[in-house]
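Please look over the notes below on helix packing and the nonpolar cores. They are numbered for ease of reply.

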Amino acid sequence: MIDLSDQKPFASGYNRHCYLHPGIPGRCLKVIRPENIEARYQRQMPLKKLLGKSRINDNTQEQRAHQQVAIVSLIKQGHESIVWHHLPRFYGETPTSLGTANESELLLDDHGDPAQTLESYLKQHGFDAPIKAASERFCEWLEKTGILTRNLLPHNLVIARRNNQPELLLVDGLGAPGAQNTLAAIPAWRRRYTARRVNRFYKRIAWELSDRKQTWEAAQRL
């Protein structure tokens with residue numbers, strides 16, 4: 001078991017804390033924040049509560065997402081490099097003193113610090129040419145591989161250098177809900193699903209750069 005009692009997370013979301021792996025450089029450990037999982041569960045409608053807490057556990061969802069058909073097929077065919085070009089490498093579950101963690105590749109910038117999120121970059125530089133090109137490559141990768149994601153949010157994408165150019169990597173939001181994941185077996189449906197994710201991604205970038213007088217919920221319906 002890995003002892004994280006003396007560590008502070010280098011990043012935190014509503015549902016998880018992210019820690020540096022104390023024993024293996026270049027890896028991070030994502031630990032669930034159980035108090036927030038419980039709070040989310042208590043807000044669920046009674047019928048949804050019957051589905052249990054695993055459906056709102058980000059670590060469980062992430063594990064399932066890495067077992068989706070597109071990823072498993074590419075790896076079996078020897079195309080791991082294609083999978084990990086826009087995803088951090090995933091190493092499965094690891095026991096820690098704070099509970100079971102998901103272990104994955106730690107993405108760093110040129111200075112050895114955690115890679116900058118797309119959200120942070122847009123605030124500083126806008127949607128400039130290098131990141132526009134990186135976004136296009138990322139979306140083409142989604143379309144070619146058939147890898148399913150949830151909505152693509154700028155704070156769930158980070159910028160790392162691959163082959164001497166910036167690339168977007170998805171660190172959260174991989175996979176699709178159960179029904180959509182099943183329907184992905186139908187090629188035409190999968191293409192439409194990905195096209196909607198890509199379209200909404202560009203709408204989100206435009207909204208991030210706007211004056212935000214309109215809520216995102218309203219903007220995405222346009």
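1. Helix H7 (residues 129–145) and helix H9 (residues 187–208) have axes that come within 10 Å and cross at roughly 160°. The pair is therefore roughly antiparallel (over 145 degrees). H7 passes H9 in a right-handed crossing.

2. The model is predicted, with local features needing pLDDT of at least 70 and side-chain atom pairs counting only at pLDDT 80 or more, while totals for chains, interfaces and linings use all residues. Residues are numbered from 1 along each chain as its sequence is written, and side-chain values use heavy atoms, with hydrogens and water left out.

3. On the H7 side of the contact (heavy atoms within 4.5 Å) are Ser 135, Glu 136, Cys 139, Leu 142 and Glu 143. They meet Thr 194, Val 198, Phe 201, Tyr 202 and Ile 205 in H9. By class, this contact of H7 with H9 has six nonpolar, two polar and two charged residues.

4. The largest nonpolar core (buried residues, under 20% relative accessible area, joined through side-chain atoms within 4.5 Å) has 27 residues. Leu 87, Leu 118, Phe 138, Leu 168 and Phe 201 touch the most other members. Two or more residues each come from helix H4 (69–76), helix H6 (118–125), H7, strand S6 (157–162), strand S7 (165–170) and H9. H7 gives the most, with six residues.

5. Leu 87 touches Ile 71, Glu 105, Trp 141, Leu 169, Leu 170 and Leu 174, leaving aside residues up to four places away in sequence. A second, separate core of six residues includes Ile 2, Leu 4, Tyr 19 and Leu 29.

Note on methods:
Axes fitted to C-alpha atoms, helices over the stretch in contact; angles between N-to-C directions. Helix = DSSP H or I, 4+ residues; strand = E, 2+ residues; numbered from the N terminus. Parallel < 35°, antiparallel > 145°, perpendicular 65-115°, else oblique. Left-handed = near helix turned anticlockwise from the far one by under 90°. Nonpolar A, V, L, I, M, F, W, Y, C, P; charged D, E, K, R; others polar. Buried < 20%, exposed > 50% of the residue type's maximum accessible area, 1.4 Å probe, protein only.
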